[in-house]
Amino acid sequence: PVCSMGNSTSRLYSALAKTLSSSAVSQHQDCLEQADSARLDPIDPKDLLEECQIVLQKRPPRFQRDFVDLKKNAVSNHRPIRVMQWNILAQALGEGKDNFVQCPMEALKWEERKCLILEEILAYKPDILCLQEVDHYFDTFEPLLSRLGYQCTFFPKPWSPCLDVERNNGPDGCALFFLKDRFELINSANIRLTAMKLKTNQVAIAQTLKCNETGRLFCIAVTHLKARTGWERFRSAQGCDLLQNLKNITQGAKIPLIVCGDFNAEPTEEVYREFSNSSLNLNSAYKLLSPDGQSEPPYTTWKIRPSGECRHTLDYIWYSQHALNVNSALGLLTEEQIGPNRLPSFNYPSDHLSLVCDFSFNQDPDRLL
């Protein structure tokens, strides 16, 4: 039972509880119209967090994760830009296709799982949020996050596997959110990735933003490359296509770049090397957590499927190392926190861990490489 928290929060709860049925286009249209009117009514993030916690009161508390300071005495004259990267696990795939054999179906209920996802976002308060596997954009993330002050963009996969699942909520895709009071949108591109000159089912969003505080331009991109072993050359071709697009958008690295994504590729794969060795001079932010600054984390996803345990590093935040500094990064969950049944679980809503970094602009804007 949900206790009433006054009129403003009961309106909030109705927004939170609203579930979109994909059975009729008219209902979908209703939801879009409601989302438009909802934009006029800002939400206090504390109220939304309280609503989430009421829904989650029977679940274990959220895991404690700490930020690791990586500044190395660098001085910044502006507020850091917090970027969050997360494959949130499409609801249709979690319930219908992904076969998490150790995860009870009860833990995957959308009404509670969406509150775990929102709680994580609200806890870290990102200025920019990059999500993959979003299949509840129109009924959950766009209406709520727009009311929290974010500008929202969604680009679905052309042939989403979610559509094969009975009672799905529409296609999944990539979504990008940024705080309108911190940034101004200069340019936005929805990119359908190609491989061997063929259009593929994978997509990216790239947006050029102007930081209101510093006046500096930068580009933020989000992507989700092809999954599964055996598709390494395909991912490599997709990565090359994305890099070429980003070279054009950033005028050959004149505009600083941050790329967030589930690359579905370990650091040993060719697509990883392409990003590491690109003329855009990119580095992977989470390498900085390792003692030598050269090694990726041991895992960003950890699950158990019928074929066995899958522990992989697939998620990255790449950044222009000549133009941006990484001030801090959010530590990952430990094996003990994750527990023997792995992810997702009653504690954690996705099979991928969220990555969060604080960036600042290099103080020498004319320095290129």
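## Strand pairing

Two strands pair if DSSP finds at least two bridges between them. This model is predicted. In it, strand 2 and strand 3 (residues 128–134) meet that cut-off with 5 bridges, and they pair in the parallel sense. Asn87 stands opposite Gln132 in strand 3.

Strand 2 also pairs with strand 15 (residues 355–361). Here the sense is antiparallel, again over 5 bridges. Ile81 faces Phe359 of strand 15 across this pairing.

## A strand covered on both faces

Strand 2 covers residues 81–87. Of its 7 residues, 7 are buried, so the strand is largely enclosed by the rest of the structure. On one side lie Ile81, Val83, Gln85 and Asn87. On the other lie Arg82, Met84 and Trp86. Both faces are covered.

## The whole sheet

Strand 2 belongs to an open sheet of 7 strands. The order is 1-14-15-2-3-5-4, and the pairing is mixed. Strand 1 (67–69) and strand 4 (150–156) stand at the edges. Each has a single partner strand, so one side of each has no neighbour in the sheet. From one strand to the next, the twist averages 20°.

Strand 1 runs antiparallel to strand 14 (residues 324–330), and 3 bridges join them. Asp69 has Ser328 of strand 14 as its bridge partner.

## Helices on the sheet

Helix 5 (residues 110–124) packs on the sheet. It touches strands 1, 2, 3, 14 and 15. Its direction makes about 160° with that of strand 2.

Helix 6 (residues 137–147) packs on the sheet too, touching strand 3, strand 4 and strand 5 (173–179). The direction of helix 6 makes about 160° with that of strand 4.

Note on methods. Residues are numbered from 1 along each chain as its sequence is written. This is a predicted model: local features need pLDDT of at least 70, side-chain atom pairs count only at pLDDT 80 or more; totals for chains, interfaces and linings use all residues. Side-chain values use heavy atoms; hydrogens and water are left out. Buried means under 20% relative accessible area, exposed over 50%, partly exposed in between (1.4 Å probe, protein chains only). Helices (H or I, at least four residues) and strands (E, at least two) are DSSP runs, numbered from the N terminus. Axes are lines fitted to C-alpha atoms, for helices over the stretch in contact, and angles run from 0 to 180 degrees between N-to-C directions. Contact means heavy atoms within 4.5 Å.
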